[in-house]
Amino acid sequence: MLAGPEIERAARWLTGTSELGALPAVSPEPRPGVVVSCGEPAVGALAGLLARATERAHAHVSPSGVADRLAAAGEDFVALVGLPEDIEAIGDWMGTRAPLLGVVTARGLSALSALVYRSLVLPDFPAAPDRRLVHPSMPGSQHADVIGYSDKEFLTDHRSRLLVLRSHGRECCVHLPDGVICGRSDVPGTRPEPAPSGRRIPACMLGAGCYRHDLEPEDRIPARTLAGDVIYVHACEPVVPGVSAMPHSVNVALGFLDGTTVAVVGAVGRQRSDPNAEKVLAAALDDGLRLGEAVRRLNEHGKRVGGEMSVAGLLGDPAIIVPARAPEHRAVRPAPRKAGSANEDAVPLDPAHLREVRHLTSEVLPALQIMPWVDVPVDLAELARIDAAALLLAGACLQPGNAAAERVPGLVRDLADDLAALQQRALEGLAQNAYDTWWQFGGPARTTVYRQVDASAEPCPHCGRGTSRRVTYRHGTREALELRVGLCRRCGPWEWQVGPEKSAVRHQAPIDVIAWLGEPGRVTMRLSNPLERTVRGATAFCFANGGYEGLQKPAAWPIVLKPGEEREVSAAVHIQRNAVMPDLHEAMFMTLLDGVLTALPIFFDVRPTLGDAAR
């Protein structure tokens with residue numbers, strides 16, 4: 001093996017000391033498939049060691065000859081060995097050519113030598129438990145071993161068989177809310193070699209520090225310090241050999257392979273979040289499948305779930321069988337407290353109050369809890385407080401003799417008032433976000449996390465043509481979250497809506513409006529409440545990306561609609577001369593009423609006045 005810090009880390013990992021002489025010898029172990037290498041002769045020599053120790057055929061070819069070699073291998077296991085620069089010269093991720101491919105690569109010959117050695121001795125190593133990092137913003141974080149920087153010893157000090165990292169990330173890192181797993185190969189305070197041209201250069205390589213400005217240098221966890229035999233990175237763009245956008249010296253997966261990790265499984269390109277994916281991979285390893293077979297099973301699952309945004313790749317020998325995992329007691333993080341069941345003798349204090357409480361707690365509260373999933377800035381702490389108040393109110397309604405029974409009418413009004421005020425603040429924040437950014441309804445994940453479940457033709461309410469459809473999309477993991485869209489091939493989207501459809505107020509507004517520079521005007525929306533109860537919340541008017549285009553600021557105001565009530569609401573529009581370009585500018589009315597979010601796009605055809613045209 002070649003001397004270097006990587007083999008010294010392997011010695012500490014395997015023996016607890018830095019004595020290289022104490023490293024265990026390699027026992028030959030037959031493995032199926034072939035070994036293919038490319039690049040300089042030294043890479044071929046290391047690949048030859050791997051092949052001889054596992055009784056596999058070995059071929060050393062140029063990067064341009066790799067594709068033909070893989071085609072000849074067919075459905076066989078292929079360990080493709082090369083330095084990152086060699087794999088890059090191939091020009092693509094080769095997993096598309098061979099379903100049982102693993103790329104055995106590392107930064108430099110000494111790192112590659114250590115990786116080959118670790119992959120040969122792994123089957124003899126004692127069992128270790130599986131562990132999971134889940135970002136707190138993602139489902140299942142309450143059952144994770146790691147959700148923040150304070151739990152990092154489970155990443156670095158305790159060895160794991162399979163270490164799952166389900167979080168947000170990009171090619172150079174995996175995020176914690178209060179830290180970052182960093183792929184840079186240097187130590188903090190130094191800079192890597194100058195990046196080659198044609199790369200996306202991260203801020204740290206430009207001397208500007210980490211682009212996570214909220215973090216201090218000590219909040220950075222070097223990827224090489226993670227103690228996972230196999231690391232599954234369920235985040236965006238960790239596996240990039242052949243398609244690297246950033247320099248190899250910052251890639252997080254290569255950082256793991258600089259440490260004690262034997263293999264990395266991760267997304268090739270952008271990743272669609274799928275909490276079930278890690279279960280598929282863990283089950284495949286528990287079934288005794290070789291790594292290549294486990295990743296193929298993961299890709300078969302991903303094809304059904306996310307298509308091109310669920311493609312996983314393997315860095316490491318695909319013919320390895322990972323040792324069985326050891327059981328470990330996992331302390332479950334406390335889940336939010338649930339209300340107890342009602343007393344058998346409970347009777348409603350007042351049917352009308354009970355109906356209102358049921359509506360507010362069973363429809364409005366759950367609908368608002370979903371709103372952050374569609375980029376609506378709901379105050380979750382305030383929502384939790386309101387939920388706790390609703391729990392107490394439910395007890396007062398359902399439990400005879402409850403001390404708060406006499407206060408139920410006032411408590412119901414307070415609950416409705418609090419929810420209405422919360423909705424107004426959330427809508428104000430959403431309108432401001434739409435005004436300040438290149439906004440799209442439902443947030444940036446709108447196009448990736450929903451699947452179409454229904455579509456029906458209906459005339460466009462604006463142009464009257466038969467070119468319109470109402471389409472329903474459902475969130476891929478949160479079944480209760482539906483996105484309903486009215487689409488016209490001529491007019492574009494004419495309504496967006498999220499929330500309980502049976503609670504929806506009817507909306508109507510023009511979609512095309514002519515406005516003149518410097519001349520005040522108004523735009524009007526008609527609301528109709530077809531329900532047999534009062535609906536409360538807020539409405540707002542704003543220009544999308546209006547801050548950039550110099551348009552007027554958004555406005556929001558509360559609204560209450562009684563049963564059967566129809567009402568017109570209007571917004572003043574004044575487009576400043578010499579501040580706004582004559583062009584099409586998108587605006588919208590938005591409402592958040594009893595947990596139903598609705599947006600009506602309006603396209604303002606802003607024109608110069610006759611005097612401006614004459615000039």
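A cavity here is a set of grid points where a 1.4 Å probe fits but cannot get out, and a residue lines it if it has an atom within 4 Å of a point. With that in hand, here are the close-ups; keep in mind that this is a predicted model.

**Figure 1. The whole chain, before we zoom in.** The protein chain runs to 615 residues, and 51% of them count as buried. Its secondary structure adds up to 14 helices and 25 strands. Laid along its principal axes, the C-alpha trace spans about 85 × 80 × 45 Å. Plenty of contacts reach far along the sequence: among those between residues at least 6 apart, 72% join residues at least 24 apart.

**Figure 2. The largest cavity and its walls.** The count of cavities of 30 Å³ or more comes to 1, and the largest cavity holds about 60 Å³ of space. Who lines it? The walls are made by Tyr232, His234, Gln271, Arg272, Asp274, Ala277, Leu298, His301, Gly302, Ser310 and Ala312. Sorted by class, that lining has 4 nonpolar, 5 polar and 2 charged residues. Strand β11 (228-234) and helix α9 (291-305) each put in at least two residues. The biggest contribution is from α9, with 3 residues.

**Figure 3. The second largest pocket, with α9 again in the picture.** This pocket offers about 500 Å³ of space. It is lined by 24 residues, and the closest to its centre are Gly95, Thr96, Asn299, Val311 and Ala312. Ala312 may ring a bell, as it is also one of the residues lining the largest cavity. Both α9 and β13 (312-315) supply at least two lining residues each. Once more α9 gives the most, this time with 6 residues. By class, the pocket lining splits into 11 nonpolar, 7 polar and 6 charged residues.

**Figure 4. Helix α8 under its cover.** Is α8 mostly covered or mostly open? Mostly covered: 7 of its 10 residues are buried. Those buried residues are Ala277, Glu278, Val280, Leu281, Ala282, Ala284 and Leu285. Ala277 also helps line the largest cavity. The cover over the buried residues includes β5, β6 (160-166), β11, β12 and α9. After the helix comes Gly288, whose phi is positive, near 80°.

**Figure 5. A buried salt bridge between Arg132 and Glu278.** Here the side chains of Arg132 and Glu278 meet in a salt bridge, at 2.5 Å from N to O. Arg132 belongs to strand β5 (residues 131-134) and Glu278 to helix α8 (residues 277-286), so the pair ties together parts that are 146 residues apart in sequence. Are these two partners buried or exposed? Both Arg132 and Glu278 are buried.

**Figure 6. Arg270 and Glu237, a bridge between two loops.** Arg270 pairs with Glu237 in a salt bridge, and the closest N and O atoms are 3.2 Å apart. Arg270 sits in the loop between β12 (263-267) and α8, while Glu237 sits in the loop between β11 and α7 (252-257), so the bridge links parts that are 33 residues apart in sequence. The two partners fall into separate accessibility classes. Arg270 counts as exposed because its relative accessibility is 51%, where the cut-off for exposed is over 50%. Glu237 counts as buried because its relative accessible area is 18%, where buried means under 20%.

**Figure 7. Arg474 with Glu482, and a salt-bridge network elsewhere.** A search of the whole structure turns up 30 salt bridges. One of them joins Arg474 to Glu482, with the closest N and O atoms 2.6 Å apart. Arg474, at 23% relative accessibility, is partly exposed, and Glu482 is partly exposed too, at 21%. Salt bridges can also share partners, and in this way Glu29, Arg31, Arg56 and Asp317 are joined into one network.

**Figure 8. The largest nonpolar core, seen from Leu80.** The largest nonpolar core has 55 residues, and the ones that touch the most other members are Leu80, Leu155, Leu165, Ile181, Leu226 and Phe256. Helix α2 (residues 41-53) provides the largest share of this core, 6 residues. Which residues does Leu80 touch? Leaving aside residues up to four places away in sequence, Leu80 touches Val36, Val66, Ile87, Ile90, Met94, Leu101, Gly102, Val103 and Val104. There is also a second, separate core of 47 residues, with Val364, Leu383, Leu430 and Val498 among them.

Definitions and conventions:
Residues numbered from 1 in each chain as written. Predicted model: local features only at pLDDT ≥ 70, side-chain atom pairs only at ≥ 80, totals over all residues. Heavy atoms only, no water. 1 Å grid on protein atoms, 1.4 Å probe; cavity = no way out; pocket = protein on both sides within 12 Å on 5 of 7 lines; lining within 4 Å. Points joined across faces, edges and corners; volume = space filled by probe spheres on them. Helix = DSSP H or I, 4+ residues; strand = E, 2+ residues; numbered from the N terminus. Nonpolar A, V, L, I, M, F, W, Y, C, P; charged D, E, K, R; others polar. Salt bridge = Lys/Arg side-chain N within 4 Å of Asp/Glu carboxyl O. Buried < 20%, exposed > 50% of the residue type's maximum accessible area, 1.4 Å probe, protein only. Core = buried A, V, L, I, M, F, W, Y, C linked by side-chain atoms within 4.5 Å. Contact = heavy atoms within 4.5 Å.
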